[in-house]
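Work through the exercises below with the model open. Try each task before reading its solution.

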Amino acid sequence: MLTDFVPLFLMIAMALGLAMSLLKLAEWLGPKRPRAIKASAYESGMDPVGTARDRYSVKFYLVGMIFIVFDVEIVFMYPWAVSFRHFLANGGGLGSLAVISVFVVILLVGLLYDIKKGGLDWD
Amino acid sequence: MYDFLLPDMGATAPILLVALIGVVLVVVDSFSNDSASIPWLSGAVLVAAITIELARVGVTDSAFMGHVMSGGFASFVNVVILLGALGSVILSVPYLSRTGHNFGEVHALILIATAGMMVLANAGSLITLFVGLETMSICLYVLTGLVRDNERANESALKYFLLGAFSTGFFLYGIALLYGATGTMMLSDMPAALVETGRTGFFAGGVALLLIGFFFKVSAVPFHMWTPDVYQGAPTTLAGFMSTASKTAAFAALILVLGRILPLDDVGLDTRHVLAIVAAITMVVGNVLALAQRNIKRMLAYSSIAHAGYILTGLAAGALGYAGALYYLLAYTVMNIGAFGVMSVLEWDGKQGAEQTIDSLAGIGSRKPLLGVAMGVFMFALSGFPPLAGFFGKYFVFAAAVDAGLTWLALIGVLASVVSAYYYLRVLVAFWMKKPEDAHVSVQSAAFDVPLFSKVVLVACVAALIALGIVPGFITEAAGAFFVTPEATALLP
């Protein structure tokens with residue numbers, strides 16, 4: 001029974017091992033020539049100003065949450081889109097379209113609710 | 001390729017209908033904020049779903065390639081869940097309007113939670129079980145924290161969410177291990193797969209984790225810590241919804257899992273002992289801790305823990321006890337919706353009326369006779385007084401336990417319910433035998449009337465409890481027919 005899972009455990013071990021060993025290797029082998037700019041905090045090209053413990057408007061979190069929800073749910077549509085030709089060839093085109101439409105409509109209702117309730121109004 | 005879709009949607013129509021209207025309510029609410037039509041719509045769809053399910057109790061069917069059950073057992077449980085939801089919706093409208101929280105979202109969330117509960121209770125596979133559980137739980141987390149400006153509500157919602165998410169993790173690991181051990185997700189294929197693989201350590205681990213997930217949802221000791229805080233912090237009518245419908249769904253799913261993959265009568269006795277011990281601890285701890293409560297909602301929370309113990313006693317008895325447990329779930333739903341309903345009327349506003357205790361309600365029975373009498377019936381029913389439905393519920397589960405050779409468990413159960421009479425009847429003493437002058441000042445001066453909708457539900461609950469108590473036969477016959485073993489039917493009157 002347990003032997004069935006050996007490939008799985010092997011993969012987990014390899015993933016863990018690679019991730020950890022690559023970090024360590026980079027530390028050992030990489031050249032170290034620090035300069036003031038390199039050593040500063042990375043802020044996507046901007047000069048880091050002030051402290052990192054700043055207070056942000058709660059609106060950022062709202063938009064962030066909404067983004068995560070829709071972003072993750074879009075991921076579910078990729079496998080469907082990739083398999084759509086297969087569905088068409090097997091005569092399930094309309095049915096699978098209906099099924100994914102239900103999913104999209106539910107998402108749409110969420111978006112509608114969000115817009116109507118003012119979740120996307122910045123001010 | 002999708003030929004099965006339409007007939008299967010017909011077989012699961014009540015679930016889909018409730019979920020669909022739940023989504024429609026979100027749209028209605030976004031165009032017309034907190035529209036007055038929303039509660040009507042949600043009540044109407046619940047009535048429609050109950051009608052459909054009642055017509056389907058006689059048939060046994062499954063849908064979506066066996067992933068969802070339909071008809072028979074599933075319909076019976078759905079009716080109980082839908083009744084709980086309907087009672088909560090009707091009680092919620094006046095209660096939440098008074099406190100200014102009758103949002104349209106509440107009803108959408110109740111409907112979607114109800115759909116999730118029905119999916120959970122009708123599950124034919126482990127995946128369906130999980131989807132239903134999550135749909136239900138997430139809506140309940142939101143409903144708990146409905147009163148955003150109340151600190152206690154926020155606290156209870158956060159506690160419920162964190163602990164609930166954690167227990168869902170256990171549940172999911174259990175599913176993963178069961179799948180790993182047997183190679184199938186379908187509950188109906190599990191017994192055959194088990195014969196092939198035997199009861200491996202994987203399987204035992206999966207069952208243990210799954211049971212922990214279930215024990216949390218039905219608030220069995222030692223996984224009960226969240227219950228008092230959540231029921232006290234949540235809006236009262238919604239606490240009633242949580243304590244009845246979600247428990248019914250979780251117990252039904254537990255019956256499905258136990259009946260399918262762990263038939264206690266065939267395979268060893270370990271699981272039966274686990275269930276029996278948990279049931280015994282739950283009954284004792286729930287009842288003893290309820291003795292010390294002065295806040296009535298908190299007392300009802302501990303009482304709901306104790307009742308989970310009684311129902312677990314029925315489950316520990318195996319197939320003999322399932323029908324009794326189903327009857328118990330129906331009776332418990334009616335009496336608890338009623339008890340929380342009375343409390344929701346007594347909390348006439350969000351400030352003075354909140355946090356009612358034994359002391360603050362002294363003498364309320366003579367001022368509001370309807371509430372006093374109704375509460376009397378619910379308290380007697382909860383403590384298991386003979387002519388009412390609560391008594392027969394206890395009789396069926398304890399008789400099944402004795403029949404299954406668990407006499408010690410039935411004995412603990414009977415003793416525990418004797419203890420419970422103290423705290424149930426203490427509420428009645430406060431309601432009727434104390435003078436209004438003893439009460440908290442705010443209650444004396446408060447002028448509030450009993451809303452019509454609440455009256456209707458309370459009277460219906462009282463009538464149902466008496467009717468179920470006088471003629472329990474038609475329910476137990478229907479419930480017994482789902483578990484057609486000769487022993488199970490012999491036990492019923």
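A residue is buried if 20 or more other C-beta atoms, placed from the backbone, lie within 10 Å of its own, exposed if 12 or fewer, and partly exposed in between. This is a predicted model: local features need pLDDT of at least 70, side-chain atom pairs count only at pLDDT 80 or more, and totals for chains, interfaces and linings use all residues. Residues are numbered from 1 along each chain as its sequence is written, and chains are lettered from A and ligands numbered from 1 in the order in which they are written.

**Exercise 1.** Classify the burial of B:Asp34.

Solution. Place the residue: B:Asp34 is in the loop between helix H2 (13-31) and helix H3 (37-56) of chain B. Helices here are DSSP runs (H or I, at least four residues), strands likewise (E, at least two), numbered from the N terminus. Count: 15 other C-beta atoms lie within 10 Å, so B:Asp34 is partly exposed. Check the backbone: phi is positive, about 50°, although B:Asp34 is not a glycine.

**Exercise 2.** Do likewise for B:Phe64.

Solution. B:Phe64 is in the loop between strand S1 (60-63) and strand S2 (68-71) of chain B. B:Phe64 has 16 C-beta neighbours inside 10 Å, so it counts as partly exposed. Its phi is positive, near 50°, and B:Phe64 is a residue other than glycine.

**Exercise 3.** Describe the peptide bond from B:Val221 to B:Pro222.

Solution. Omega is near 5°. The bond is cis. B:Pro222 is in the loop between helix H9 (201-217) and helix H10 (226-233) of chain B.
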